[in-house]
Each structure stands twice: as C-alpha cells, then as structure tokens.
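Here is a briefing on one strand with its neighbours, and on one pocket. Keep the model open while reading.

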Amino acid sequence: MATNPVEGTWNLIIATPIGKQRVVLVLTADRGALSGVARDERHGLETALTALTQEGEHLTWAQSVTKPMRLNLTFDVTVDGDRMTGKATAGRLPSSTVTGHRATTDPTV
C-alpha cells in the first residue's frame, strides 16, 4: 500500500452543467513530492496536474482541458480512506461536484 494516503489511482466523476465527466486521476509520490495526471479516456486526453498541493488528506490542483470544451479547472478535494469528494471550478462558471473512489485491481471489489 502507498505510504501517502492520497497516492494511487482514482476514478472521478465531475458533475458539470453539460453532464457527468469521468476522469481517471493518478497520484504518485516520489521522495515526498506528489505529482499526478488526469486521464479522460472518452476524449483520449492525458493532462498533467499543476500547482498540486497537499495538506494531510486535502488536495488542490489545476489543470487545463481542451475537450469537451477549452477550460482551466481548479480542484479542491478531500480524501477519506478510499473516497474523494470536493469541487472543481472553471472561471466564472458554477462549481461542479467531484466524487470519486480509489481504483482497485481486485475484480471482486
């Protein structure tokens, strides 16, 4: 198991005004430095997270997306065990709810 409680692969759902967006978030820690990427398999995109900060189980980061529309997003989430909740904002647009769970390689879970 990862030594950092937020490290791992996460399946996220972002409830946006244009519908639910599914994203796979991969967070890795190397020598105490946290980094990550977001993968949108539906649109074939992978985006590096920027300005990623962690305070315990609270995370914030930014990322730019080009599909389904061009946006600069900021995320503010909290990890509670294998669950992640929070919000994503894009400029002056309303906040979108973010929910997720840690991915597992065990097909029985």
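A pocket here is an open set of grid points where a 1.4 Å probe fits, with protein on both sides within 12 Å along at least five of seven lines. Its volume is the space filled by probe spheres set on the points. By that reckoning, the largest pocket in this predicted model comes to about 430 Å³.

**Pocket lining**
- The lining of the largest pocket counts 24 residues.
- Nearest the pocket centre lie Thr16, Gln21, Val65, Leu71 and Leu73.
- By class, 16 lining residues are nonpolar, 6 are polar and 2 are charged.
- At least two lining residues come from each of β1, β2 (19–30), β3 (33–40), β4 (45–48), β6 (58–65), β7 (71–80) and β8.
- Strand β7 contributes the most, with 3 residues.

**Strand β9 and its two faces**
- In a regular strand, side chains alternate between the two faces of the sheet.
- Strand β9 spans residues 96–102 and shows this alternation.
- Ser96, Val98, Gly100 and Arg102 point to one face and are buried.
- Thr97, Thr99 and His101 point to the other face and are not buried.

**Partners of β9**
- Strand β1 (residues 8–16) runs antiparallel to β9, joined by 6 bridges.
- Strand β8 (residues 83–89) also pairs with β9 in the antiparallel sense, over 6 bridges.
- Val98 is the bridge partner of Ile14 and also of Gly86.
- The hairpin of β8 and β9 has 6 residues between the strands.
- In that hairpin, Gly91 takes a positive phi near 60°.

Technical notes: Residues numbered from 1 in each chain as written. Predicted model: local features only at pLDDT ≥ 70, side-chain atom pairs only at ≥ 80, totals over all residues. Heavy atoms only, no water. Buried < 20%, exposed > 50% of the residue type's maximum accessible area, 1.4 Å probe, protein only. Helix = DSSP H or I, 4+ residues; strand = E, 2+ residues; numbered from the N terminus. Pairing = 2+ DSSP bridges. 1 Å grid on protein atoms, 1.4 Å probe; cavity = no way out; pocket = protein on both sides within 12 Å on 5 of 7 lines; lining within 4 Å. Nonpolar A, V, L, I, M, F, W, Y, C, P; charged D, E, K, R; others polar.
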